[in-house]
Protein chains: 2
Amino acid sequence: MTSGMRPVPEDHMAPIGFGDHDHDTCVENALTSAEQLCRENGLRLTPVRRKVLEMLLQEHRALGAYAILDRLREEGFGSQPPVAYRALDFLVRNGFVHKIERLNAFVACSHPGATHSPAFMICRKCDAVAEAQASTAKGSLGAAARAAGFEIERTVVEAEGLCPDCTKKARK
Amino acid sequence: MTSGMRPVPEDHMAPIGFGDHDHDTCVENALTSAEQLCRENGLRLTPVRRKVLEMLLQEHRALGAYAILDRLREEGFGSQPPVAYRALDFLVRNGFVHKIERLNAFVACSHPGATHSPAFMICRKCDAVAEAQASTAKGSLGAAARAAGFEIERTVVEAEGLCPDCTKKARK
DNA sequence: CTTGTCATGTTATTCCATATCATATATCCG
DNA sequence: CGGATATATGATATGGAATAACATGACAAG
Ligand SMILES: [Zn+2]
Ligand SMILES: [Zn+2]
Ligand SMILES: [Zn+2]
Ligand SMILES: [Zn+2]
């Protein structure tokens, strides 16, 4: 996001990837608020970009660029890799989508509009992805960086494991 | 590593990726200690595997699988992708090498033999990589995971930024 | 109208990674 | 030792991720 950033209240920062919620309105709301954010910041949420964001919001999990591309093709958009990658680039640059490096895949941001360095919990069983807030600068990494004189610009924090549902299933 | 694990003293845990050191003996020592660790644990550090580890120790930065493969070819080893990937798989599984997800590349471990969840500092200018210790369970991610009921099995922690050298150069 | 900027489309290529089948080499046991 | 078993390597083929390069269309500013 280029401007108009504001901190988001703490109670909006809870991970939403696990557990139930009204998904239809969840997607609706996210799209509406994305449109508004773009309007406010002079960004163009074009049809392809909007479609990709919508796809990622529909799933609460990561989609690979080629899965996205397949769906774009079905919807009548361009079907070559750059089409997907450019839309994803826009969405990532502006904070609507995050890339999960571990999976080479993309997921919709859970609290867009807020400047934040995200951390992710990735279920290795069901592929669900939940976003939480990383305490970048604090913690041992921040300390090590300061000690070494390393200037952190961006962090990747991804935890892999079992989500609550899959843990329950594994136990029974 | 399958057995014989021991914690490593704290003072061996400092990042060694940035700053000068006697690199030749650094590589020597690491190779020798890898050989010993393998002997102790019934692991087979075969010629290909040893060569790959040596290559990664030579650089204190991440190498892609195909860069590794090129060098293997030059040394008269097999030159097909699986050759490199199998050696890397062995080295990663046994803690001699880490994968840098952000770069889809591999780097030699700075404190092998110790059970540890590594964190990395990656210079975007010169590609140097330093390894530090991540405080996985502590910090906000651990808290979020406990709150959500997510069971962490493995973490990826990678910071991207400028190393001390490149910071100095940028300033002048 | 012209120019510059931004978004989209298309082609081609490069890089990363794995499945599969075949062959060799240890290691174990009778 | 000889044969069974597991492990390691070799080689072929394919799939998936990402970008380079070039062309076209939309649109706003001058
Ligand atoms: Zn986010
Ligand atoms: Zn799950
Ligand atoms: Zn390590
Ligand atoms: Zn640097």
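Guide: Some terms come first. Ala, Val, Leu, Ile, Met, Phe, Trp, Tyr, Cys and Pro count as nonpolar, Asp, Glu, Lys and Arg as charged, and the others, Gly among them, as polar. The model here is predicted.

Visitor: How many nonpolar residues does the surface near DNA strand D have?

Guide: Split that surface by class. Four of its residues are polar and four are charged. The nonpolar ones number seven.

Visitor: Which elements each supply at least two residues of that surface?

Guide: Both chains take part. Chain B gives α2 (47-58) and α4 (81-93). Chain A gives α4 (81-93).

Visitor: What share of the atoms of DNA strand D within 4 Å of the protein comes from sugar and phosphate?

Guide: Start with the protein side. 15 residues surround the strand, with Tyr85(A), Lys99(A), Thr46(B), Gln80(B) and Arg86(B) the closest. On the DNA side, the share of sugar and phosphate is 51%.

Visitor: How far is the side chain of Arg86(B) from a base nitrogen of DNA strand D?

Guide: Look at the polar contacts. Arg49(B) has a polar side-chain atom 3.2 Å from a phosphate oxygen. Tyr66(A) places one 2.9 Å from a base nitrogen. For Arg86(B), an N or O atom of the side chain is at 2.6 Å from a base nitrogen.

Visitor: Is the site of the zinc ion (ligand 1) tetrahedral or irregular?

Guide: The donor residues are His98(A), Cys109(A), His116(A) and Glu131(A), at 1.8 to 2.2 Å. Angles among the four donor atoms run from 98 to 132°. Four donors count as tetrahedral if all angles lie between 85 and 135 degrees, so the site is tetrahedral.

Visitor: Are Cys109(A) and His116(A) buried or exposed?

Guide: Both residues coordinate the zinc ion (ligand 1). Cys109(A) and His116(A) are each buried.

Conventions. Residues numbered from 1 in each chain as written. Chains lettered and ligands numbered in written order. Predicted model: local features only at pLDDT ≥ 70, side-chain atom pairs only at ≥ 80, totals over all residues. Heavy atoms only, no water. Donors = N, O, S within 2.8 Å, 3.2 Å for Na, K, Ca; no water. Tetrahedral: all angles 85-135°; square planar, octahedral: opposite > 155°, others 65-115°. Buried < 20%, exposed > 50% of the residue type's maximum accessible area, 1.4 Å probe, protein only. Near = heavy atom within 4 Å. Polar contact = N/O pair within 3.5 Å; in protein donor to acceptor, adjacent residues only side chain to side chain. Helix = DSSP H or I, 4+ residues; strand = E, 2+ residues; numbered from the N terminus.
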